[in-house]
Every structure is written in structure tokens, then in C-alpha cells.
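Work through the exercises below with the sequence and coordinates at hand. Each task is followed by a solution in steps.

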Amino acid sequence: MNEKTDTPLIEFSDVTKRFGILTVLDQFNFSVAKGEKVTLIGPSGSGKSTVLRILMTLEPFQEGRLTLDGTSYHEPGGRGRFQASERHLRQIRNHVGMVFQSFNLFPHMTVLRNVVEAPVRVLGMQREEAEVRAIELLQMVGLADKKDQYPAQLSGGQQQRVAIARALAMRPQVLLFDEPTSALDPQLVGEVLSVIRGLAHEHDLTMLLVTHEMRFAREVSDRVCFFDKGRICEQGAPEAILGAPKHERTREFLSSILG
Amino acid sequence: MDWSAYLPMILQGAGVTMTITLASIVVGALLAFAFGILRVEGGPVLSTIALCYTEVFRGTSLLVQLFWFYYALPLVGLSFEPVTTGILVLAAHVGGYGAEIVRGALSSVSTQQLEAARALNFDRFQTLFRVSLPQAVVEMMPAFGNLAIETLKLSSLVSLISIADLTFTAQSIRNLTLDSASIYSITLLCYFAMSLVLMIAIRIIEHVVRRGDVFPRSAHS
């Protein structure tokens, strides 16, 4: 690990991402320091979720350069949509975890197996060891008593907390949250936010969060980035962006979602 | 007419029908999984081979396939026992239709599940065997149930390559007694009884695959 904080952990340089003729990210530049907690806000279609999906290697990008801890996503001479071998992508994925809007727990596995499966299969951890750790993580999200239930037996908020435990079980350096509370009933949002808030104190964990919960963004993030049309239009400390936005577009957006 | 004399024959014929049906379902299911998985995961060459297999066996007459394997194949020096031929051809038929069922069920696993697997860094095989297939198998069960019953009924065609199955036995008895009404009624009842047994077996398997309440319908949120 690189300990110098001035070298970014994540760095997008002039990244362009297109879906067909639609340009989602347009010569996009963005860097995140190790341990930083960054919130991405902006209108839908502005590219913020795409940033997370590219980082998780769920989406390829066409131009520019993206590095994670100095390792480029594109391999020299790499082929295919991702311009990299599956082996290379799996090495990158080892350091990145993701929490999805729709939780995406495995419906055929118990809560415990959802959390244990990847550490055992992918990291080669002993099952007993993985289970001890999984139960610790489930305790952290307040769901150790649900370990033998199936996802469909849990509420949305509980499922999302399991999904967070599942992502953490892989010990990622970077954890991505893609609108983690958008699919939840309003009364269930709080329990998920409080788990994420707890993680915000983890010094080493780098977090990128796409959310519409502005008050929450202000509490947990070191930096807020406002996206518009595939670029970051304005970024800075949460108080500055959310309290006194400079750009007209940011002001419009904030007033539209704050009603 | 004294049916007690013919009852052992009928039971024996039904036994042959059941054996051929079950054997071809088991072998056919293996083929279905192998080719269905290749259709989805096999890459360009293997998936094309799997596609050709399914289309050939779905697109030609089962009876002609039986004749071809029974009469034509020996001409190039390959001959099997009639029962083996019957099982192989029926199994290939089950495999062809079943591969489509497997392919369809695998494709119906949501992208979100595959993305979750990728985010957890599962490799292709782990994703297939730990995430996709366990969910897809549940989807396949009703269609495989239909296919199993279909196979039982289609198995009567093997009587035409001189296998003494239920239909063949019924024909023989009819030729002896000339009592078409009775013998064919009894034969229909036998097929119906066997398909009932199959249906019950399928329900039990389906229940096991669902593991009771793995996918409960009453999800609350």
C-alpha cells in the first residue's frame, strides 16, 4: 500500500464512457485519496452511478485512464470490451466491493452463507474462520440473530444491511454504495444509513457513495461532488456544496430535490 | 375373456416402458444440462455445436430418429440392442428439449445476481454453479416435469423397433384376443397410472429443489 496521501488511490484521467451514441462520461477527471469518503450527487443520467460501475468493472470505458492504487484498469495490449484479461480484472475486483440499490442478495442462500460464500470460495478462507468473521459482521449490522434466515424472509432494510456485511467480508479497500437506500420504504432508510455512518469512521476504508440523502451526505462525507452531463460540475466540502453552491445547476438540483 | 392370464404380460410391458422412460430421462437430463450450459457459457464454437444438437433433435421426427438409429446406423457398422437404441434416442430427444429449458432458465437469472457475483469476485464457474444454476434449477422444474411426462408417452414409439414395451405388449394381446376395446382401455389406464407416479415424483423433487421455503412467495418488506 502506498502511504503517501498525496498519491490518489483512485484516479480517473480523461475517461470517456459511451453507451452507443450516448456519452455518459465525457473526458472525466476525478481522484480519491485513500480513506476518503466521497458522495456523488446529481440528476439521474449524469453519470454518477456509472463511475461506481466502472470502478467495480461492471462496465467498460472506451477512452482515458483509470488507476486503482497505481494499477491501470486497461492492460497494455488488453483485449475485449474491458481491454484487459479476466485475470487482471479479478485482481482489481479483489480490492473493490459494492452495495447495490436492489441489495442483490443470493435468494437461495441463508444470510450466513451469503456472507461466507465469497470469502470461502474466492479468498480460500477456512469455513469456520469465515463464519466467525461473518457473525461479527452480522453483529455489527445488528442481524446476527437472522443468520439462518433466507433473504426473502427479511425486510428491505435488513437485506441491505446483510449486503453491506457481505461486501465487507471481502475486506475491500474501496467500498461503493450505489443508491443504497433508494429502494427502501422511508421508515427503513434510517437503519441502513446508521450502518453506513458507522463505516464512515473506518479510517482505512475508502467510500464512494451515490445518494439522494443530502443530510446524510453532509454528515458522512469528506467531499461532495455534483455531477452534471458526464462531468463533475462542482465539488468541495459538504458544507460548501450543499450549503452555498456556486453553480446555478447545483442550486437548481438541490432545490429540486429538497422541494 | 380371462385377463389374469395376460396381466403378467401387461405388467412386464409396463415395466419395460417405465425402465426406458426413466433411463432416458436421467441420461437426457445430463445431456440437457451439458448442452444447455454450453449454449450459454460455451463460447462461439461449443455453443454452436450445442445449438446444432438441439435443433437437429428438436427439428426431426422422433420416430424417424428411432428408425435411423435402429436400421441405418448398423449399415455403417454401429449397432446396439433395441432397448439401448430406444433409450439413446429418447434421451437425445429429452436432451434437445431439455437443453432449451436449461438455456432459458439460465438466461432468466437476473443481471443483478450476476453483477453481485462479479462484485464478490466469483469466477465464471463459481458464478455458474453457486449463483446461476441453483436459481435456474427452480425455474426449470415445471418444464422438466412436462418433458418427463411427454417422454413417457413418446416412449410408446419404441414398440415400432420391436421392443416389448407396454404398447407392443398391448398390440400382441390384441392380436391374440381381438378384444381391442378392453386391451387398449387397460393400456391407457396403465399409461395414466405411470404418468401419475411420475407427476408425484416430480412434485417431490421440485419440493426438495425449493428446499421448502427457500423462495417463499410471501416476502415482506
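**Exercise 1.** Determine how strands S7 and S8 of chain A are joined, and in which relative direction they run.

Solution. In this predicted model, take strand S7 (residues 174–178) and strand S8 (residues 206–210) of chain A. Counting the bridges between the two gives 5, and the strands run parallel. For a check on the register, look at A:Asp178, which stands opposite A:Val210 in S8(A).

**Exercise 2.** Place this pair in its sheet, and find the helix that lies across S6 and S7 of chain A.

Solution. Start with the strand order: the sheet in chain A is open, has 6 strands and reads S6-S7-S8-S3-S9-S10, with mixed pairing. Next, identify the edges. Strand S6 (96–99) and strand S10 (231–236) of chain A each pair on one side only. The twist from one strand to the next averages 20 degrees. Finally, add the helix: H5 (residues 156–168) of chain A lies across S6 and S7 of chain A, and its direction makes an angle of about 175 degrees with S6(A).

**Exercise 3.** Describe the make-up of chain B in terms of helices and strands, then its extent and burial.

Solution. Chain B has 8 helices and 0 strands. Its C-alpha atoms fill a box of roughly 70 × 50 × 20 Å along the principal axes. Of the 221 residues in chain B, 34% are buried. For the contacts in chain B between residues at least 6 apart in sequence, 78% join residues at least 24 apart.

**Exercise 4.** Which residues of helix H3 of chain B are buried, and why do they count as being on the same side of H3(B)?

Solution. List the buried residues of H3 (residues 62–72) of chain B: B:Leu66, B:Phe69 and B:Tyr70. They cover an arc of only 90 degrees around the axis, and therefore lie on the same side of H3(B). The spacing rule behind this is that an α-helix has 3.6 residues a turn, so residues three or four places apart point the same way. Now turn to the face directed away from the buried side of H3(B), which carries the exposed residues B:Val64, B:Tyr71 and B:Ala72. Helix H4 (82–108) of chain B is included in what covers the buried residues of H3(B).

**Exercise 5.** Characterise the side of chain B that touches chain A.

Solution. First take the totals: 21 residues of chain B are in contact with 24 residues of chain A. Then assign elements. Helix H5 (111–119) and helix H6 (124–154) of chain B each supply at least two residues of this side, and the largest share, 6 residues, comes from H5(B). Sorted by character, the residues on this side of chain B are 10 nonpolar, 7 polar and 4 charged.

Technical notes
Residues numbered from 1 in each chain as written. Chains lettered and ligands numbered in written order. Predicted model: local features only at pLDDT ≥ 70, side-chain atom pairs only at ≥ 80, totals over all residues. Contact = placed C-beta atoms within 7 Å. Helix = DSSP H or I, 4+ residues; strand = E, 2+ residues; numbered from the N terminus. Nonpolar A, V, L, I, M, F, W, Y, C, P; charged D, E, K, R; others polar. Pairing = 2+ DSSP bridges. Axes fitted to C-alpha atoms, helices over the stretch in contact; angles between N-to-C directions. Buried ≥ 20, exposed ≤ 12 C-beta atoms within 10 Å, placed from the backbone. Arc of directions from axis to C-beta.
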